[in-house]
Number of protein chains: 2
Amino acid sequence: MSRKSKGLNAERDLVRAFWARGWAAIRSAGSGSSHYPSPDLLVGKEGRRLAIECKLTSDDKKYLSKEEIEQLRYFSQLFGAETWVAVKFSGLEWHFILPEDMVQTPRSYAIGKEQIQEKGISLEEFFTLHHACKKE
Amino acid sequence: MSRKSKGLNAERDLVRAFWARGWAAIRSAGSGSSHYPSPDLLVGKEGRRLAIECKLTSDDKKYLSKEEIEQLRYFSQLFGAETWVAVKFSGLEWHFILPEDMVQTPRSYAIGKEQIQEKGISLEEFFTLHHACKKE
């Protein structure tokens with residue numbers, strides 16, 4: 001399977017996971033090729049909305065360009081959504097991290113396989129936390 | 001140009017029109033073929049979000065199935081967005097209408113070319129009204 005197909009399948013798995021937990025989720029068309037800022041996924045439930053940039057990697061570290069993050073933040077602010085990055089490292093489930101918790105270099109935002117487990121949250125933890133916060 | 005391509009181009013024009021007025025807008029991937037409810041467009045600005053089903057037609061009347069409207073409403077409610085139908089009749093610009101302002105038949109929601117100009121609003125009217133409401 002090509003890298004692009006793998007990425008697409010992984011994104012579709014994520015969409016299914018959100019729907020399975022009662023969230024509305026869509027993948028955006030032409031994300032990456034569009035002239036306009038466009039997150040890979042938009043999900044929403046109970047007054048929360050997330051704009052998510054999804055990355056699948058076989059490396060131990062993932063870099064996103066500053067421009068990617070800026071575009072994601074621009075879209076999120078305008079649309080009215082939280083800004084999240086989701087990374088699927090080999091052998092790990094999807095993990096979510098806020099751009100501000102990534103490591104900033106002059107040209108990029110980076111996050112390692114070990115770091116994301118400390119500073120980010122897994123998909124399951126995300127659902128658990130959301131549920132717990134709504135109960136309070 | 002195929003009917004599908006025309007529809008796609010018309011949706012892209014709508015996305016461009018929203019961005020040009022300072023709205024964040026995305027087209028959803030695989031709308032229509034997805035297993036999950038998925039509006040054609042999601043747009044947002046200043047605390048408002050719209051889930052929009054888009055229809056292009058050369059007929060004088062457009063029908064949407066009850067299921068299409070129910071799925072659109074389901075998505076909108078869960079995600080947190082207003083539910084809108086946009087129809088582009090030949091010779092008219094895009095017009096927006098709320099499902100409740102369409103004519104209900106046992107199996108569908110219908111709207112005619114004349115009716116949509118009375119009961120709906122054009123894209124320009126939509127922008128003008130939004131701007132006016134935000135000023136109040």
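# Exercises on a predicted two-chain model

Chain A contains four helices and nine strands. The coordinates come from a predicted model.

## Exercise 1. Overall build of chain A

Task: State in which order helices and strands follow one another in chain A, and establish why chain A counts as being as compact as a globular protein of its length.

Solution.

Step 1. Along the sequence, the elements of chain A appear in the pattern α-β-β-β-β-α-β-β-β-β-α-β-α.

Step 2. The radius of gyration of chain A is 14 Å, and the globule rule gives 14 Å for 136 residues; chain A is therefore as compact as a globular protein of that length.

Step 3. Along the principal axes, the C-alpha atoms of chain A occupy a box of roughly 40 × 35 × 35 Å.

Step 4. Among the 136 residues of chain A, 34% are counted as buried. Of the contacts in chain A with a separation of 6 or more, 51% link residues 24 or more positions apart.

## Exercise 2. The six-stranded sheet

Task: Determine the strand order of the open sheet of six strands in chain A and identify its edge strands.

Solution.

Step 1. The order is β1-β2-β3-β5-β6-β9, and the pairing is mixed.

Step 2. The edge strands are β1 (24–27) and β9 (121–122) of chain A, since each pairs on one side only.

Step 3. Within this sheet, a parallel pairing over eight bridges connects β3(A) with strand β5 (residues 82–89) of chain A. In that region, L50(A) has E82(A) in β5(A) as its bridge partner.

## Exercise 3. Strand β8 and its partners

Task: For strand β8 (residues 108–112) of chain A, assign the residues to the covered and uncovered faces, then describe how β4 and β7 pair with β8(A).

Solution.

Step 1. Y109(A) and I111(A) form the covered face of β8(A), whereas S108(A), A110(A) and G112(A) form the uncovered face.

Step 2. Strand β4 (residues 61–65) of chain A pairs with β8(A) in the antiparallel sense over five bridges. Y63(A) stands opposite A110(A).

Step 3. Strand β7 (residues 103–104) of chain A also runs antiparallel to β8(A), and two bridges join them. Here A110(A) is the bridge partner of V103(A).

Step 4. The connection from β7(A) to β8(A) is a hairpin through three residues.

Step 5. A110(A) thus recurs in both pairings: it faces Y63(A) and is bridged to V103(A).

## Exercise 4. Residue E46 in both chains

Task: Find where E46(A) lies, give the value of its phi angle, and decide whether E46(A) is buried, partly exposed or exposed. Repeat the analysis for E46(B).

Solution.

Step 1. E46(A) is located in the loop between β2 (41–45) and β3 (48–57) of chain A. Its phi is near 45°, a positive value in a residue other than glycine.

Step 2. A residue is buried with 20 or more other C-beta atoms within 10 Å and exposed with 12 or fewer. E46(A) has 13 C-beta neighbours inside 10 Å, so it counts as partly exposed.

Step 3. E46(B) lies in the loop between β2 and β3 (48–57) of chain B, with phi near 50°, again positive in a residue other than glycine.

Step 4. E46(B) is partly exposed because 13 other C-beta atoms lie within 10 Å.

## Exercise 5. The interface and the core

Task: Describe the contact between chains B and A, name the symmetry that relates the chains, and state which residues touch the most other members of the largest nonpolar core.

Solution.

Step 1. In the interface, 17 residues of chain B are in contact with 18 residues of chain A. On the chain B side, β1 (24–27), β2 (41–45) and α2 (66–79) each give two or more residues. By class, this side holds nine nonpolar, five polar and three charged residues.

Step 2. A turn of 180° with a shift of 0.0 Å along the axis lays chain B on chain A with an RMSD of 0.0 Å. This is the relation of a two-fold axis. The same surface serves both copies, as 100% of the contact residues of chain B recur in chain A.

Step 3. The largest nonpolar core has 56 residues, of which V43(A), A51(A), V43(B) and A51(B) touch the most other members.

Step 4. Leaving aside residues up to four places away in sequence, V43(B) touches F18(B), W23(B), A24(B), A25(B), L50(B) and I52(B).

How values were computed
Residues are numbered from 1 along each chain as its sequence is written. Chains are lettered from A and ligands numbered from 1 in the order in which they are written. This is a predicted model: local features need pLDDT of at least 70, side-chain atom pairs count only at pLDDT 80 or more; totals for chains, interfaces and linings use all residues. Two residues are in contact if their C-beta atoms, placed from the backbone, lie within 7 Å. Ala, Val, Leu, Ile, Met, Phe, Trp, Tyr, Cys and Pro count as nonpolar, Asp, Glu, Lys and Arg as charged, and the others, Gly among them, as polar. Copies are superposed by least squares on the C-alpha atoms of residues with pLDDT of at least 70 in both. The radius of gyration is taken over C-alpha atoms; the globule rule is 2.2 Å times the number of residues to the power 0.38. A nonpolar core is a set of buried Ala, Val, Leu, Ile, Met, Phe, Trp, Tyr and Cys residues joined through C-beta atoms within 7 Å. Two strands pair if DSSP finds at least two bridges between them.
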